[in-house]
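Please open the model in a viewer and keep the selection panel to hand. The tour goes stop by stop, with a selection at each.

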Protein chains: 2
Amino acid sequence: MEKTLSLNDQAKAARLAANELIGLSTLEKNKALQEMADALEHRQKLILSENKIDLANGRNKNLSSAMLDRLMLNEERIHQITNGLRQIAALPDPIGSGLMEMKRPNGLDIRAVRVPLGVIGIIYEARPNVTADVAGLCIKSGNAVLLRGGSEAINTNKIISSILATAASSAGMPEGAIQFIESTDRGAITELLHLRKYIDVIIPRGGSSLIKYVVENSTVPVIETGAGICHAFVDKSADKEMAADIIVNAKTSRPAVCNTIETLLVHQDIAKDFIPFIVAKLAACNVELRGCERTRAIYPDMAEATEDDWSTEYHDLILSIKVVDDINAAIKHINTYGTKHSEVIITNEYTSAQLFQQKIDASAVYVNASTRFTDGFEFGFGAEIGISTQKLHARGPMGLNALTTMKYLINGNGQVR
Amino acid sequence: MEKTLSLNDQAKAARLAANELIGLSTLEKNKALQEMADALEHRQKLILSENKIDLANGRNKNLSSAMLDRLMLNEERIHQITNGLRQIAALPDPIGSGLMEMKRPNGLDIRAVRVPLGVIGIIYEARPNVTADVAGLCIKSGNAVLLRGGSEAINTNKIISSILATAASSAGMPEGAIQFIESTDRGAITELLHLRKYIDVIIPRGGSSLIKYVVENSTVPVIETGAGICHAFVDKSADKEMAADIIVNAKTSRPAVCNTIETLLVHQDIAKDFIPFIVAKLAACNVELRGCERTRAIYPDMAEATEDDWSTEYHDLILSIKVVDDINAAIKHINTYGTKHSEVIITNEYTSAQLFQQKIDASAVYVNASTRFTDGFEFGFGAEIGISTQKLHARGPMGLNALTTMKYLINGNGQVR
């Protein structure tokens, strides 16, 4: 029944679907989301058998056990996926909400209303749950989506997207609203990045080399996500125990994710006391430490941090430590090496908190709380499409609103200028 | 006193200036804007003498009289420029305003506040008033700006930007907040488009070839502006006189600007009556007409519109005319050939108005009013940096808010996840 379309034809079909999606009501979209969830549940066995193929291929390719775990589905994980789709159905629909309304002196009514972006291209890596999450968020926000998953999960992604597309279409969504791109070579990405005529935005989700490639090659507008070199700065007035709790949480609770800290900055006035204290706590969690010269003068038993360490996202239980002269040196270090993601100061001084939040250029600037809270669910958005580390359009955790734009509706009775 | 910096050094200096601009108060920025206006007035003679050099060069290069007029300054035009800066000083400061605030169940306070984008690069063509307008808008919104004007106005732009930079700096703005890029070759643009490390956004203002070049070559995020293939659709229920007023205004009041219409679409049920009526009105305004086959069957005395006409922004007193079967055919034509700028339906049917505003994919969708109102001043923004024809970040007329982003400020008392 299905024939393979060229990428250009897929994108064109997505554009036509987007034109139809604009006019659908919230009830119609929610019905589709429910039926998409039902369909995944009904065809669970088929999904698991395709997933087994990916897992076998992964073992043959010697993927790490962490990678295999990310790839693996079971009944519980499929339940989480379908539950996610039902939660998206329950969220408020962003489309059509008014952003401003005014009557001009000449009698013109000008309104700004939220509308879908149109066609969204997502390029993502291993985890197959992203296929369903993103498809659900796009349908809810009235967008057509082109999904381009990684080669490791290709069979799982194909079956999930095919089930979702069929269910969406039989529930009244336009054909082409959810499409998966089957080619796994980089040429397909390059082609996608140049289909400006049909695609409104490309969102890369994955490692820094994927994001860099997309940013450098796309003529379609891009929303960058997920690169996170985050820092904690312990000010001289910090509560020692609170600082330790935050640092341990921000480093160890899930070291592979982007809102984890990579570098600890310590005010010189407390370094002599604080560094041995925090080193003991981190060592107990098996964190490998790399220190600057001043850190190692206080605590010699750790590796030397090189210039590279300040600009590395470890994705691992590794932390670099630097002693800084004062808060201004901390701010300068962060604005130089940070990726504008999440940054925290632990302090008890009002002016330090104020200065840090004003001067740090990042999407989320914390006082006395773990950077791990930078997350769509923790922010109460009910869903997350990624965490934007750029300044245009969306910054920080992106919920449904980030998948929308606006248009002005102007109503008159013959006004001319 | 001044030495020529490399483009990289200029961008780096702008970045450092941007870090300082974040912390300045509205009063400090307004004082600088007033002093920038004063300085231009005091040095008016010098500006006019540099402008004379550009005009002489332009005449030698056989620039059109329209181009020379755009280039030309006189006392009145300088007054308009300084007046513009004083008006910007009087506008509300967007920076620091709260966009949302919530307390999460765990006690975290999360706020989103408006902050400057950082460093803005503007690439623009002939008109020298843009230099001062853009510098003023950037200072007001706390951004550093790299100005790259066209070669025709190079001497005028250099002196204006130099006066503004000196005045801003003596009024307390950081050095490097306003910088002009002196090189007029395209290589300088290409270099600018790759300085992601220092520049947050590039805004091209000019012809479609400039915009295309920027979009295709920039790794810095871009806000596209100003390409306008706009349409008027006369529905079968339209008030004939109102339709004529709107069409004549939207085509003839300022044919070189982007919110002018290029194509008129006429519902077939009224074409026989309406086309001769509107042709007479447009001919009286010296508008050259190009018709589709069905138009010429009704009114043979006009040139044939070719496929090219539907995708041409004339910038001139030329209008193409097409008879369409119904509103759906009009919507399809507009969504195919339009540049997502401004579109209008003239109708007296409620459902037609509703359908048109829902289905047309453009920044401004009008019912019964001229497309010429798509303008920052007409929308009440008090200033305009350009008209965005893209969907990310800003759409339609861009005021000061379009030069800002936001950041989340999260305040806790030791929360971990």
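The stops below cover the symmetry, the interface, the sheets and the salt bridges of a predicted model.

**Stop 1: the two copies**

Colour chain A and chain B separately. Chain B is superposed on chain A by a rotation of 180° with 0.0 Å of shift along the axis, at an RMSD of 0.0 Å. The two copies are thus related as by a two-fold rotation axis. To find that axis from chain B, select His393(B): its C-alpha is the nearest of chain B to the axis, 1.8 Å away.

**Stop 2: the interface**

Select the residues of each chain that touch the other. The selection should hold 72 residues of chain B in contact with 72 residues of chain A. Of the interface residues of chain B, 100% are also interface residues in chain A, so the copies meet through the same surface. Chain B and chain A bury about 5,800 Å² between them, and 52% of this area lies on carbon and sulfur atoms.

Now turn on the polar contacts. Between chain B and chain A, 45 residue pairs are in polar contact, counting pairs with both residues at pLDDT 80 or more. Which strand gives the most to the side of chain B that touches chain A? Select residues 404-415 of chain B: this is strand β16, which contributes 11 residues. Coloured by class, the side of chain B that touches chain A shows 32 nonpolar, 22 polar and 18 charged residues.

**Stop 3: a sheet from both chains**

Switch to cartoon view and select strand β16 (residues 404-415) of chain A together with strand β13 (residues 364-369) of chain B. These strands pair in the parallel sense over five bridges. For one such position, pick Leu409(A), whose bridge partner in β13(B) is Val365(B).

Extend the selection to the whole sheet. It is open, with 10 strands and mixed pairing, in the order β1(A)-β2(A)-β16(A)-β13(B)-β12(B)-β7(B)-β8(B)-β11(B)-β9(B)-β10(B). Its edge strands, each paired on one side only, are β1 (98-103) of chain A and β10 (303-304) of chain B.

Within this sheet, look at β12 (residues 342-346) of chain B, which runs parallel to β13(B) and is joined to β13(B) by four bridges. Ile345(B) stands opposite Val367(B) there.

**Stop 4: the other sheet**

Next select the open sheet of 10 strands that runs β10(A)-β9(A)-β11(A)-β8(A)-β7(A)-β12(A)-β13(A)-β16(B)-β2(B)-β1(B), again with mixed pairing. Here the edges are β10 (303-304) of chain A and β1 (98-103) of chain B, each pairing on one side only.

Go to β7 (residues 230-234) and β8 (residues 261-267) of chain A, which run parallel and are joined by five bridges. Val234(A) has Val266(A) as its bridge partner in β8(A).

**Stop 5: salt bridges**

Show charged side chains. Over all chains the structure holds 52 salt bridges, and 12 are found across the interface of chain B and chain A. For a bridge between the chains, select Lys391(B) and Asp200(A), where the closest N and O atoms are 3.2 Å apart.

Then move to Lys391(A), whose side chain meets that of Asp361(A) in a salt bridge with an N to O distance of 3.0 Å. This pair links distant parts of the chain, 30 residues apart. Lys391(A) lies in the loop between β14 (386-388) and β15 (396-398) of chain A, and Asp361(A) in the loop between α15 (350-359) and β13 (364-369) of chain A.

Notes: Residues are numbered from 1 along each chain as its sequence is written. Chains are lettered from A and ligands numbered from 1 in the order in which they are written. This is a predicted model: local features need pLDDT of at least 70, side-chain atom pairs count only at pLDDT 80 or more; totals for chains, interfaces and linings use all residues. Side-chain values use heavy atoms; hydrogens and water are left out. Copies are superposed by least squares on the C-alpha atoms of residues with pLDDT of at least 70 in both. Contact means heavy atoms within 4.5 Å. Buried area is the accessible area (1.4 Å probe) that two parts lose on being put together, summed over both. A salt bridge is a side-chain nitrogen of Lys or Arg within 4 Å of a carboxyl oxygen of Asp or Glu. A polar contact is a pair of N or O atoms within 3.5 Å; within protein, one must be able to donate a hydrogen and the other to accept it, and residues adjacent in sequence count only if both atoms are side-chain atoms. Helices (H or I, at least four residues) and strands (E, at least two) are DSSP runs, numbered from the N terminus. Ala, Val, Leu, Ile, Met, Phe, Trp, Tyr, Cys and Pro count as nonpolar, Asp, Glu, Lys and Arg as charged, and the others, Gly among them, as polar. Two strands pair if DSSP finds at least two bridges between them.
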